[in-house]
Amino acid sequence: MTKSDPGTSQPGTDAPSTDQPGVDEAVRAELNRLRESIDNIDAAVVHMLAERFKCTQQVGVLKAEHQLPPADPARESRQIIRLRELAASARLDPAFAEKLLNFIIAEVIRHHETIAGETRDSTG
Ligand SMILES: O=C(O)C(=O)C[C@]1(C(=O)O)C=C[C@@H](O)C=C1
């Protein structure tokens, strides 16, 4: 197999694709079993995030209607402490959990700012 042989390796690697013949059947079966679980978990994550954003959307409206600032750094600090503890007890890297929460919250704050702008525009 060479780099000029498209379709036989993963992009950017020379490793054989697991779809290719030659991959041990038991390995392929185990990989497929694990990937089914990964797909289920990814679906759950997407659904949970969608629910979280439905809540934060309502928080955004409430904050905009009452002229509260989009970000609440004190609340974020408490969330980070709590999530890092949860992560540690779940044997997940706390630094990763913190980064993920910060990533999500940054998006929420962006939404809050949009809602606040729209609310100001509509109420004058
Ligand atoms: O709890 C709030 O005040 C929110 O706006 C929600 C949220 C979050 O996504 O958890 C987002 C922004 C704040 O800075 C803190 C927390």
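Q: Which residues does UniProt list for "domain: Chorismate mutase"?
A: Happily, the record covers this one, in an unreviewed entry. UniProt positions are given in the numbering used here, feature names are shortened, and annotations may be inferred rather than shown by experiment. Residues are numbered from 1 along each chain as its sequence is written. The listed stretch is residues 25–116.

Q: How much of residues 25–116 is helix?
A: This is a predicted model, where local features need pLDDT of at least 70, side-chain atom pairs count only at pLDDT 80 or more, and totals for chains, interfaces and linings use all residues. Helices (H or I, at least four residues) and strands (E, at least two) are DSSP runs, numbered from the N terminus. Over residues 25–116 the end C-alpha atoms lie 56 Å apart and strand accounts for 0%. The helix share is 88%.

Q: How do the axes of α1 and α3 cross: roughly parallel or oblique?
A: Axes are lines fitted to C-alpha atoms, for helices over the stretch in contact, with angles from 0 to 180 degrees between N-to-C directions. The axes of α1 (residues 25–65) and α3 (residues 94–123) come within 9 Å and cross at roughly 40°. Angles under 35 degrees count as roughly parallel, over 145 as roughly antiparallel, 65 to 115 as roughly perpendicular and the rest as oblique. So α1 is oblique to α3.

Q: Which residues of α3 meet α1?
A: Contact here requires C-beta atoms, placed from the backbone, within 7 Å. From α1 come T56, Q57, G60, V61, K63, A64 and E65. Their partners in α3 are V108, H111, H112, I115, A116 and T119.

Q: How many nonpolar residues are in the contact of α2 with α3?
A: In this contact, E76, Q79, I80, L83, R84, A87 and A88 of α2 meet P94, A97, E98, L101 and I105 of α3. Ala, Val, Leu, Ile, Met, Phe, Trp, Tyr, Cys and Pro count as nonpolar, Asp, Glu, Lys and Arg as charged, and the others, Gly among them, as polar. One residue is polar and three are charged, while the nonpolar ones number eight.

Q: Which element gives the largest share of the shell around the ligand?
A: The shell consists of T56, V59, A71, D72, R75, E76, Q79, I105, V108, I109 and H112, each with its C-beta atom, placed from the backbone, within 6 Å of the ligand. Two or more residues each come from α1, α2 (73–89) and α3. The largest share, four residues, comes from α3.

Conventions
Two residues are in contact if their C-beta atoms, placed from the backbone, lie within 7 Å.
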